[in-house]
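Here is a set of short exercises to work through with a viewer open. Try each task on your own before you read its solution.

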Amino acid sequence: MKLTIDVLQCFQKVAELEHVTRAAEALQLAQPAVSRTISAMEKDFNIALFRRRGRNITLTRSGEDLLRHVNRVLDEFNKALEEIAETKAKENLTVRLIVDAASQILPGFLAEFRKSYPDINFELLLRGTEQRTSAISGANSNLRLTSGIKPVTNEHSVTLFREELLMALPEHDSRAQHPSVRLSDFIDDGFICLHKGQNMRKITDYYCEMAGFTPRVDLESDSLMTVREFICAGLGIAMVPQITWSNINSEHIVLVPVSYPRCYQYITLTWDGSVPLSKPAILLKDYIINYFVGYARAKAAEAMRNQIRKNTEMKVL
């Protein structure tokens with residue numbers, strides 16, 4: 001016979017209670033079924049596992065040896081079941097969120113969400129991890145913050161807000177002193193951009209084409225922090241989102257509005273419409289829709305105040 005978990009549990013219970021009938025009652029099995037199981041084990045091992053003394057039975061020396069191993073096996077099995085249950089419970093409280101946009105302000109917003117829902121966990125996949133999204137498709141939840149040049153609203157997408165795009169220039173650039181610039185002013189400049197395929201790169205290419213040129217990309221990076229350092233070093237200029245940039249220390253960098261064409265990106269929340277969202281995912285989705293816009297606007301206003309103050313200080317100097 002196969003030594004299944006059920007067989008091992010039957011042997012363990014008989015050894016514990018030293019009585020076949022009581023073991024059968026504890027296991028909620030028929031007494032003949034338990035007797036057949038023990039007999040089949042003894043036949044397969046070709047050794048007696050119990051001594052019969054009337055209705056009571058006790059383990060033989062071989063039975064005691066086997067019990068020690070069975071106890072270890074079942075103990076590990078029970079631990080595995082507990083870990084699986086804990087993982088499942090944790091997964092049921094985990095929201096998977098793919099972040100293609102607004103990554104700099106998202107941590108602060110999620111911290112506010114956790115104050116209301118402290119038991120909910122997050123699994124964040126940042127831009128550049130699109131190859132991993134298929135691995136979580138249909139799993140518990142699949143929310144995504146993304147950006148584009150047009151608003152998108154349908155049964156599984158909501159555009160949250162429109163974000164202005166600015167030109168990030170080193171402070172020594174003469175155009176940094178202008179109240180606004182035209183995008184065509186940068187036809188001969190080297191751009192610092194995200195890698196091809198990234199949403200912000202697509203948006204930059206789109207608006208430069210609208211202005212009549214293809215941007216000359218001198219440097220590429222997947223990190224806004226790296227883009228900042230490149231600009232500070234005078235290695236190029238960049239088009240950056242006003243709100244996302246607000247949490248980045250932009251010392252030695254001036255953000256200048258673009259007067260033509262006016263440049264915007266739309267931040268959109270999407271989710272997988274083919275599978276039901278978990279309750280935690282629904283809570284986060286609704287929270288983002290209800291409060292993210294106000295949070296983002298507050299960050300934008302703060303960024304604008306900081307930029308005005310910085311520009312004023314630079315003019316004084």
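The exercises below concern a predicted model, and each task is followed by a worked solution.

**Exercise 1. The two sides of a helix**

Task: Find which residues of helix H5 (residues 106–116) are buried, and explain how they are placed around the axis.

Solution:
- Step 1. Select H5 and look for its buried residues: they are Leu106, Phe109, Leu110 and Phe113.
- Step 2. Check their directions from the axis. These four cover an arc of only 95°, which puts them on the same side of H5.
- Step 3. Recall the geometry behind such a pattern: an α-helix has 3.6 residues a turn, so residues three or four places apart point the same way.
- Step 4. Now turn to the other side of H5, where Pro107 and Lys115 are exposed. For Lys115, the relative accessible area is 61%, and the cut-off for exposed is over 50%.

**Exercise 2. Salt bridges along a helix**

Task: Examine the pairs Glu112–Lys115 and Asp205–Arg201, and work out how each pair is spaced along its helix.

Solution:
- Step 1. Start from the principle: side chains of opposite charge can pair when their charged atoms come close.
- Step 2. Take Glu112 and Lys115. Their salt bridge has its closest N and O atoms 3.1 Å apart.
- Step 3. Count along the helix. Glu112 and Lys115 are three residues apart in H5, so about one helical turn separates them.
- Step 4. Add the accessibility: Glu112 counts as partly exposed at 33%, whereas Lys115 is exposed at 61%.
- Step 5. Repeat this for Asp205 and Arg201, whose side chains meet in a salt bridge at 3.6 Å, N to O. Both belong to helix H6 (residues 199–210), and because they are four residues apart, about one helical turn lies between them.
- Step 6. Compare with the cut-off for buried, which is under 20%. Arg201, at 5%, counts as buried, while Asp205, at 22%, counts as partly exposed.

**Exercise 3. A further pair and a network**

Task: Find the partner of Arg216 in a salt bridge, then name the residues that shared partners join into one network.

Solution:
- Step 1. The partner of Arg216 is Asp218, with the closest N and O atoms 2.9 Å apart.
- Step 2. Arg216 is partly exposed at 43% relative accessible area, and Asp218 is partly exposed at 38%.
- Step 3. Elsewhere, salt bridges with shared partners link Lys196, Arg201, Asp205 and Glu220 in one network.
- Step 4. For the overall tally, the structure holds 16 salt bridges.

**Exercise 4. Surface patches**

Task: Identify the residues that form a negative surface patch and those that make a nonpolar one.

Solution:
- Step 1. Colour the surface by charge. Glu76, Glu82, Glu83 and Glu86 form a negative patch, and Glu76 is found in helix H4 (residues 61–92).
- Step 2. Switch to nonpolar side chains. Leu3, Phe45 and Ile47 make a patch of about 250 Å².
- Step 3. Locate Leu3, which lies in the segment before helix H1 (5–17). At 44% relative accessibility, Leu3 counts as partly exposed.

**Exercise 5. Backbone exceptions**

Task: Locate a cis peptide bond and two residues other than glycine with positive phi.

Solution:
- Step 1. Set the expectation: most residues other than glycine have a negative phi, and most peptide bonds are trans.
- Step 2. Scan omega. The bond from Tyr260 to Pro261 is cis, with omega near -15°. Pro261 sits in the loop between strand S11 (253–260) and strand S12 (264–271).
- Step 3. Scan phi. Gln28 has a positive phi of about 60°; this residue lies in the loop between H2 and helix H3 (31–45) and counts as exposed at 74%.
- Step 4. Continue to Asn46, with phi near 60°. Asn46 is placed in the loop between H3 and strand S1 (50–53) and counts as exposed at 70%.

**Exercise 6. Apart in sequence, paired in a distance check**

Task: Is His19 buried or exposed, and how many residues separate His19 from Asn56 in sequence?

Solution:
- Step 1. Place His19 in the loop between H1 and helix H2 (20–27).
- Step 2. Read its accessibility: His19 is buried, at 10% relative accessible area.
- Step 3. Compute the C-alpha distance. His19 and Asn56 are 5.1 Å apart in space and 37 residues apart in sequence.

Conventions
Residues are numbered from 1 along each chain as its sequence is written. This is a predicted model: local features need pLDDT of at least 70, side-chain atom pairs count only at pLDDT 80 or more; totals for chains, interfaces and linings use all residues. Side-chain values use heavy atoms; hydrogens and water are left out. Buried means under 20% relative accessible area, exposed over 50%, partly exposed in between (1.4 Å probe, protein chains only). Helices (H or I, at least four residues) and strands (E, at least two) are DSSP runs, numbered from the N terminus. The arc is that of the directions from the helix axis to the C-beta atoms. Patches are made of residues with over 30% relative accessible area and no salt bridge: like charges are joined within 9 Å, nonpolar side chains (Val, Leu, Ile, Met, Phe, Trp, Tyr) within 5 Å. Accessible areas come from the Shrake-Rupley method with a 1.4 Å probe; for residues, only the protein chains shown count as cover. A salt bridge is a side-chain nitrogen of Lys or Arg within 4 Å of a carboxyl oxygen of Asp or Glu. Lys and Arg count as positive and Asp and Glu as negative; His and the chain ends are not counted. The place of a charge is taken as NZ of Lys, CZ of Arg, CG of Asp or CD of Glu.
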